[in-house]
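Trainee: I would like to learn how to read a structure step by step, going from the whole chain down to single residues. Could we work through one together?

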Amino acid sequence: MSSPPQHPTAWARTDVPEGMGIGTLLPEPDGFRLEAGETVFAREERFLTRFTVWTDLAWATTRVHAEVLSAAGTETVTLQAQGGHWSDGKGGELRELVGCLDVDIAATPLTNTLPIRRLGLRPGEHRDIAVVWIDIPSLRIRRVRQRYTRHHAENGLELYTYRDPLHGEYRISVDGNGVVVDYERFVRRWSPDP
């Protein structure tokens with residue numbers, strides 16, 4: 001895969017009546033930083049979320065900060081990770097997350113880039129992993145088992161199947177940077193990057 005782009009990618013949400021997201025990957029001396037936000041406007045829920053995820057050079061998550069603005073006010077969560085050991089923003093150990101190297105923030109496809117880049121699967125290979133799942137807008141945190149299967153490329157895009165026991169199975173296409181183009185029943189990129 002190539003070096004991450006330094007310009008934002010925008011997605012239209014396809015799982016809600018009105019929603020959009022924007023995000024980017026930024027290289028840093030000791031890893032990468034994902035910066036993104038999502039806005040959802042639906043009959044039952046309206047919220048804005050913003051988050052930052054830091055990784056090491058191997059794409060393993062080292063820190064996460066997420067915030068949600070909704071009718072209930074502003075809520076935040078901060079997590080730290082080192083070698084698969086997680087702690088909350090106050091340094092409290094989160095034992096139930098031991099062994100997780102990736103974070104998956106429910107409101108965005110950008111965090112799917114983390115395991116796609118970190119695992120480096122070849123076509124036909126799959127891997128089962130445990131991730132830290134951050135639900136949006138509640139900011140509830142839990143451990144979730146996920147499976148990524150890589151398929152042969154089509155039309156210049158890498159293809160994956162994503163599966164987890166909570167949400168089912170989805171087809172995902174990504175560009176050469178591992179950034180989602182189309183995520184079945186969730187998002188579609190608004191336009192190809194220049």
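Mentor: What follows is a set of questions and answers on this predicted model.

Trainee: Which is the protein chain as compact as, judging by its radius of gyration?

Mentor: We begin with the make-up of the protein chain, which holds 1 helix and 14 strands. The radius of gyration is 16 Å, close to the 16 Å that the globule rule gives for 194 residues. The chain is therefore as compact as a globular protein of that length.

Trainee: How much of the protein chain counts as buried?

Mentor: A residue is called buried when its relative accessible area is under 20%. Taken over the 194 residues of the protein chain, the share that counts as buried is 50%.

Trainee: What share of the contacts with a separation of 6 or more joins residues 24 or more positions apart?

Mentor: The C-alpha atoms of the protein chain fill a box of roughly 45 × 40 × 35 Å along the principal axes. Among the contacts in this chain with a separation of 6 or more, the share that comes from residues 24 or more positions apart is 42%.

Trainee: Which strands each supply at least two residues of the lining of the largest pocket?

Mentor: The largest pocket has a volume of about 390 Å³, and of the 23 residues that line it, the closest to its centre are Asp15, Ala106, Trp133, His167 and Phe186. By kind, the lining divides into 12 nonpolar, 3 polar and 8 charged residues. The strands that each give at least two residues to this lining are β8 (102-105) and β11 (157-164).

Trainee: How far apart in sequence are the parts that the salt bridge between arginine 50 and glutamate 35 ties together?

Mentor: In this salt bridge the closest N and O atoms of arginine 50 and glutamate 35 are 3.0 Å apart. Arginine 50 lies in strand β4 (residues 46-55) and glutamate 35 in strand β3 (residues 31-41), so the parts that the pair ties together are separated in sequence by 15 residues.

Trainee: Is glutamate 35 buried or partly exposed?

Mentor: Its partner arginine 50 has a relative accessible area of 43% and is partly exposed. For glutamate 35 the relative accessibility is 16%, and the limit for the buried class is under 20%. Glutamate 35 therefore counts as buried.

Trainee: Which residues are linked with Arg50 in a network of salt bridges?

Mentor: The structure holds 14 salt bridges, and one of them, between arginine 50 and glutamate 35, we have already met. The residues that share a network with Arg50 are Glu28, Arg33 and Glu35.

Trainee: In which loop is the place of proline 137?

Mentor: Most residues other than glycine have a negative phi, and most peptide bonds are trans. The peptide bond from isoleucine 136 to proline 137, however, is cis, with omega near 15°. Proline 137 has its place in the loop between β9 (126-134) and β10 (141-154).

Trainee: Is asparagine 155 buried or exposed?

Mentor: Asparagine 155 is found in the loop between β10 and β11, and its phi is near 55°, a positive value in a residue other than glycine. Its relative accessible area is 78%, while the exposed class begins over 50%. Asparagine 155 is therefore exposed.

Trainee: What is the phi of arginine 185?

Mentor: Arginine 185 sits in the loop between β13 (180-183) and β14 (187-189), and its side chain meets that of glutamate 184 in a salt bridge (3.4 Å, N to O). Its phi is positive, although arginine 185 is a residue other than glycine, and the value is near 60°.

Notes
Residues are numbered from 1 along each chain as its sequence is written. This is a predicted model: local features need pLDDT of at least 70, side-chain atom pairs count only at pLDDT 80 or more; totals for chains, interfaces and linings use all residues. Side-chain values use heavy atoms; hydrogens and water are left out. On a 1 Å grid over the protein atoms alone, a cavity is a set of points where a 1.4 Å probe fits but cannot get out, and a pocket is an open set with protein on both sides within 12 Å along at least five of seven lines; lining residues have an atom within 4 Å of a point. Grid points are joined across faces, edges and corners, and a volume is the space filled by probe spheres set on the points. Helices (H or I, at least four residues) and strands (E, at least two) are DSSP runs, numbered from the N terminus. Ala, Val, Leu, Ile, Met, Phe, Trp, Tyr, Cys and Pro count as nonpolar, Asp, Glu, Lys and Arg as charged, and the others, Gly among them, as polar. A salt bridge is a side-chain nitrogen of Lys or Arg within 4 Å of a carboxyl oxygen of Asp or Glu. Buried means under 20% relative accessible area, exposed over 50%, partly exposed in between (1.4 Å probe, protein chains only). The radius of gyration is taken over C-alpha atoms; the globule rule is 2.2 Å times the number of residues to the power 0.38. Contact means heavy atoms within 4.5 Å.
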